[in-house]
Amino acid sequence: DIGMKKWKIWTAVAALTMTAGFSVQAEESQDMMTSYLTGKQVSTEIGSKRPVAIMFNNIIDAIPQAGIANADVVYEAPVEGGITRLMGIMEDYEDASRIGSVRSCRNYYVYYATEFDAIYSHFGQAVYALDLLERPEVDNLSGLSDYGSTVYYRSDDRVAPHNVYTTAERLEQGIEMCGYDRYYPEDYAGHYQFAADGEVVDLAAQGGVTANKVTPGYAFNSPWFEYNAEDGKYYRFQYGDAQIDELTNEQLSYDNILIQISHWEPYDENGYLNIDTYTGMDGYYITKGYAIPVTWQKDSEWGATRYYDPNGQEITLNQGKTWVCIVQDTYRDNIVLE
């Protein structure tokens, strides 16, 4: 009888423990979601918030950038004078003690930011972007606005105009002051299509070519990426050296590279570029040491860019961070995959 009572007590305790365990697991599952930017599991509090898209200065006087390692998607596109500017799209940046330096907007970056339903952060803008920034589709935080000093500050360790920075707290204050929706709409479907948990996109099996070194062909900063087979990531270099984040002192690395070749024309004699974000062309998708040709297109002015493989199927990205290189079509021959 004593043995039977002990057995009943043990089974009751075990049942309660298992029930509690299932309850905790269910609660943890409910608190997690798939990131729209990386395809990885993140907390719902982070993943359900609209990201910020920050314009990063990328000339040699402004490197290393601070906080760019927090960006899950980075866009690189040329601006006047042949230099490139970076836009980092980030959903989790609370640990970045400063972010920048922040520079001005160009019209095509407005479209790239809104593809992700991002809140666009910039300090100034080219005249050709002014009308776009006033469109109802665009939520932006301008450093030249009456709230600019709340969102941005100038540091004393860099010279102007390379010393404008922001922080997570300042960005949140600006978003609140502007009354922008902080969370994705209920019908938001995301931008990229990612591999499922535990699956890996193998471009070699799709007839891809070797891409252990990727050179997008920008002349001014001469950047390239090198593939590390040990961790499956591409490491970023420019100006002849590793590109690092000032806060982490670690080299930037990415799981996916997209090269998006685009039509363009000059706006004026001052060198401003009008890069076509709507009329589709071709490019490359690069991951895990291989590359395939892709085509890209948009179904509307403010819609997301979709990338398609040679069979016309939308590509699936490996989970993780993505770097997007916007390359002018007249410079396509400068792209090198080795």
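Let's start with the largest nonpolar core. It has 84 residues. Four of them touch the most other members: Tyr75, Met87, Tyr120 and Tyr192. Which helix gives the most to this core? Helix H3, residues 107-114, with six residues. Please keep in mind that this is a predicted model.

Stay with H3 for a moment. How many of its residues are buried? Eight of eight, so the helix is mostly covered, with buried meaning under 20% relative accessible area. Here is the run: Asn107, Tyr108, Tyr109, Val110, Tyr111, Tyr112, Ala113 and Thr114.

Now pick one of those four core residues, tyrosine 192. What does tyrosine 192 touch, leaving out residues up to four places away in sequence? On the lower-numbered side, the list includes Leu37, Val73, Tyr75 and Phe116. It also includes Leu258, Arg306, Tyr307, Leu317, Thr322 and Val324. Note Tyr75 in there: Tyr75 is also among the four core members with the most contacts.

Let's step back to the whole chain. There are 338 residues, and 51% are buried. The secondary structure comes to six helices and 24 strands. The C-alpha atoms fill a box of roughly 95 × 50 × 40 Å along the principal axes. Next, contacts between residues at least 6 apart in sequence. Of those, 62% join residues at least 24 apart.

On to the surface. The chain exposes about 15,700 Å². Carbon and sulfur atoms supply 50% of that. As for charge, we have 23 positive and 51 negative side chains. How far apart are the centres of the two sets? They lie 5 Å apart.

Next stop, glutamine 243. Find it in the loop between strand E15, residues 241-242, and strand E16, residues 253-254. Is glutamine 243 buried or exposed? Its relative accessibility is 4%, so glutamine 243 counts as buried. The side chain of glutamine 243 makes a polar contact of 2.7 Å with the side chain of arginine 236. Arginine 236 also appears among the residues that glutamine 243 touches, once those up to four places away are set aside. Others there include Asn58, Gln65, Leu86 and Trp323. Phe237, Gln238, Glu250, Gln251 and Leu252 are on that list too.

Now some backbone details. Most residues other than glycine have a negative phi, and most peptide bonds are trans. This chain has some exceptions to show you.

Take the peptide bonds. Glycine 100 and serine 101 are joined by a cis bond, with omega about 5°. Serine 101 sits in the loop between strand E6, residues 99-100, and H3. A cis bond also joins alanine 160 and proline 161, where omega is about 5°. Where is proline 161? In the loop between strand E9, residues 153-154, and strand E10, residues 164-166.

Then phi. Aspartate 117 is not a glycine, yet its phi is positive, near 55°. Aspartate 117 lies in the loop between H3 and strand E7, residues 119-122. With 21% relative accessibility, and buried meaning under 20%, aspartate 117 counts as partly exposed.

Serine 222 is another non-glycine with a positive phi, about 45°. Look for serine 222 in the loop between strand E12, residues 213-215, and strand E13, residues 224-228. Serine 222 has 40% relative accessibility, so it counts as partly exposed.

One last look at H3. This helix gives the most residues to the largest nonpolar core. The loop with serine 101 lies between E6 and H3, and the loop with aspartate 117 lies between H3 and E7.

Technical notes: Residues numbered from 1 in each chain as written. Predicted model: local features only at pLDDT ≥ 70, side-chain atom pairs only at ≥ 80, totals over all residues. Heavy atoms only, no water. Core = buried A, V, L, I, M, F, W, Y, C linked by side-chain atoms within 4.5 Å. Buried < 20%, exposed > 50% of the residue type's maximum accessible area, 1.4 Å probe, protein only. Helix = DSSP H or I, 4+ residues; strand = E, 2+ residues; numbered from the N terminus. Contact = heavy atoms within 4.5 Å. Areas by Shrake-Rupley, 256 points an atom, 1.4 Å probe, with all protein chains shown as cover. Lys, Arg positive; Asp, Glu negative; His and termini not counted. Charge placed at Lys NZ, Arg CZ, Asp CG, Glu CD. Polar contact = N/O pair within 3.5 Å; in protein donor to acceptor, adjacent residues only side chain to side chain.
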